[in-house]
Amino acid sequence: MRRTILLLVGLCLLSACSGGAEALPTSTFTPDPPTKTPTIEVTMTPEKPVEIKITTEGMKDPYGVAVNSLGQIYVSDMGSNRVLVFDAEGNLLAKWDKQGSAAGEFNTMGFGGLAIDANDNVFVVDNANFRIQKFDKDGKFLTQWGSEGTDDGQFVRAIGIAVDVDGNVYVTDDGNPFVQKFDNNGKFLMKFGGDGEGDGKFKHATGIAVDPQGIIYVADYETKFVQKFASDGTFLVSWKMGTDINIKGTPEGIAVDSAGNVYVTDYDLGRVQVFDAEGNPLRAFGDEHVLDNPFRRPTAIAFGNGKMYVVSQSGNKVSVIELP
């Protein structure tokens with residue numbers, strides 16, 4: 001299914017604007033009717049992580065998740081080409097769902113994530129428009145950048161996105177094996193990586209996270225490695241997903257907690273694996289063979305409100321995990 005979606009995204013060759021800020025169009029914020037509410041369902045016993053399932057009518061193949069300073073939860077609903085906004089209790093607040101290639105619109109978001117900076121600006125991967133779009137927390141379009149191609153500042157199949165403490169934006173690209181770094185308004189700053197399976201190289205980079213010290217972690221879906229880089233892109237260390245605990249896995253989303261531990265979603269095995277900053281395994285949540293496992297093809301992970309949020313593509317839900 002994943003490869004089919006990526007192929008379809010690659011075929012949608014719509015042009016996109018590049019460069020700096022654009023004139024501000026009408027906001028894409030659309031309040032949801034109060035009669036439509038998510039389902040909140042506790043599905044795990046107290047001895048295990050408590051999972052609360054957030055779903056809403058029409059969610060299809062969600063991918064990215066991020067939480068802002070107000071506790072609001074943003075989900076990229078790629079199958080419906082929109083961003084959904086929830087409050088901390090899981091109530092649907094808004095849908096950013098205008099379709100197209102104009103500023104503030106989305107077209108075939110694909111396996112694209114989203115990220116939020118310290119000012120609660122939201123950065124969205126607009127996959128088939130070959131661009132990144134920046135909004136304020138209420139959905140007001142601010143700027144965009146990118147176009148189709150492999151040159152600096154261009155994208156083929158942008159996927160993962162992260163923001164550091166200085167507001168710089170990092171983007172992975174499944175069709176262009178580099179991590180690109182931009183300032184907060186889209187000015188290209190640097191890139192690192194290249195095609196390959198060795199240290200510092202990528203075959204299918206997906207999830208990306210940056211810790212408060214500027215250390216960058218990148219998951220590679222194809223090689224099964226998680227790699228760690230210094231803030232200037234210098235390779236530091238890598239580890240293969242699940243090797244040390246005798247379980248092969250497929251890394252997808254990635255996040256770093258306040259203690260510096262690295263959380264990685266395992267797309268194929270339905271798990272979240274936790275490592276220290278050097279790649280030593282610490283613990284794992286979930287298992288595809290367990291009946292009440294909340295994770296089914298988990299794609300992204302984020303922290304906020306003192307909880308862990310995990311998106312599952314299969315089942316179309318966001319799991320809110322109270323860690324023991």
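Q: What does D138 count as at 35% relative accessibility?

A: This is a predicted model. Start with the cut-offs: under 20% is buried, over 50% is exposed, and partly exposed lies in between. D138 has 35% relative accessibility, so D138 counts as partly exposed.

Q: Which residue forms a salt bridge with D138?

A: Begin with the general idea. Side chains of opposite charge can pair when their charged atoms come close. Here the partner of D138 is K137, with 3.3 Å between the closest N and O atoms. K137 is partly exposed too, at 29% relative accessibility.

Q: How many salt bridges does the structure hold?

A: There are 7 of them. The pair K137 and D138 is one. Another joins D152 and K191, whose side chains meet at 3.1 Å, N to O. Here sequence position is worth a look, since this pair links distant parts of the chain. D152 sits in the loop between strand 11 and strand 12 (158–163). K191 sits in strand 15, residues 188–193. The two are 39 residues apart. D152 is partly exposed, with a relative accessible area of 44%. K191 is partly exposed as well, at 33%.

Q: Are D126 and R131 buried or exposed?

A: Read each value against the cut-off. D126 has a relative accessible area of 0%, so D126 is buried. R131 also has 0%, so R131 is buried. Their side chains meet in a salt bridge of 2.7 Å, N to O.

Q: What joins the side chains of S147 and Q154?

A: A polar contact of 3.1 Å joins them. To place S147, look in the loop between strand 11 and strand 12. Then read its accessibility. S147 has 16%, which is under the 20% cut-off. Therefore S147 counts as buried.

Q: How do I read an open sheet, and in what order do strands 8, 9, 10 and 11 stand?

A: Read across the sheet, strand by strand. The order is 8-9-10-11, and the pairing is antiparallel. Now look at the edges. Strand 8 (114–116) and strand 11 (141–145) each have a single partner strand, so one side of each is left without a neighbour in the sheet. Neighbouring strands are turned by 20 degrees against each other on average, direction ignored.

Q: How many bridges join strand 8 to strand 9?

A: Count the bridges between the two strands: there are 3. Strand 9 spans residues 122–126, and the two strands run antiparallel. You can also follow one position across. I116 stands opposite V122 in strand 9.

Q: I116 is in view. What volume does the largest pocket have?

A: About 940 Å³. Its lining has 40 residues, and the closest to the centre are A66, I116, V163, A302 and F303. So I116 appears in two of our pictures: as the residue opposite V122 and near the top of this list, among those closest to the pocket centre.

Q: Which strand gives the most to the lining of the largest pocket?

A: Strand 24 does, with 6 residues. To read the lining further, ask which strands supply at least two residues each. They are strand 4 (62–67), strand 8, strand 12, strand 16 (205–210), strand 20 (251–256) and strand 24 (298–304).

Q: Where does V274 lie?

A: V274 lies in strand 22, residues 271–275. With a relative accessible area of 2%, V274 is buried. Compare positions in sequence and in space. V274 and I254 are 20 residues apart in sequence, and their C-alpha atoms are 9.8 Å apart.

Q: Which residues of strand 22 are on each side?

A: Sort the strand into two faces. R271, Q273 and F275 are on one side, while V272 and V274 are on the other. Both faces are covered. In total, 5 of the 5 residues are buried.

Q: How does strand 22 pair with strand 21 and strand 23?

A: Take one side at a time. Strand 21 (residues 262–266) joins strand 22 through 5 bridges, running antiparallel. D266 stands opposite R271. The two strands form a hairpin with 4 residues between them. In that turn, G270 has a positive phi of about 65 degrees. Next comes strand 23, residues 281–285, which pairs with strand 22 over 4 bridges in the antiparallel sense. F275 has P281 as its bridge partner. This hairpin has 5 residues between the strands, and G279 takes a positive phi near 95 degrees.

Note on methods:
Residues are numbered from 1 along each chain as its sequence is written. This is a predicted model: local features need pLDDT of at least 70, side-chain atom pairs count only at pLDDT 80 or more; totals for chains, interfaces and linings use all residues. Side-chain values use heavy atoms; hydrogens and water are left out. Two strands pair if DSSP finds at least two bridges between them. Axes are lines fitted to C-alpha atoms, for helices over the stretch in contact, and angles run from 0 to 180 degrees between N-to-C directions. A salt bridge is a side-chain nitrogen of Lys or Arg within 4 Å of a carboxyl oxygen of Asp or Glu. Buried means under 20% relative accessible area, exposed over 50%, partly exposed in between (1.4 Å probe, protein chains only). A polar contact is a pair of N or O atoms within 3.5 Å; within protein, one must be able to donate a hydrogen and the other to accept it, and residues adjacent in sequence count only if both atoms are side-chain atoms. On a 1 Å grid over the protein atoms alone, a cavity is a set of points where a 1.4 Å probe fits but cannot get out, and a pocket is an open set with protein on both sides within 12 Å along at least five of seven lines; lining residues have an atom within 4 Å of a point. Grid points are joined across faces, edges and corners, and a volume is the space filled by probe spheres set on the points.
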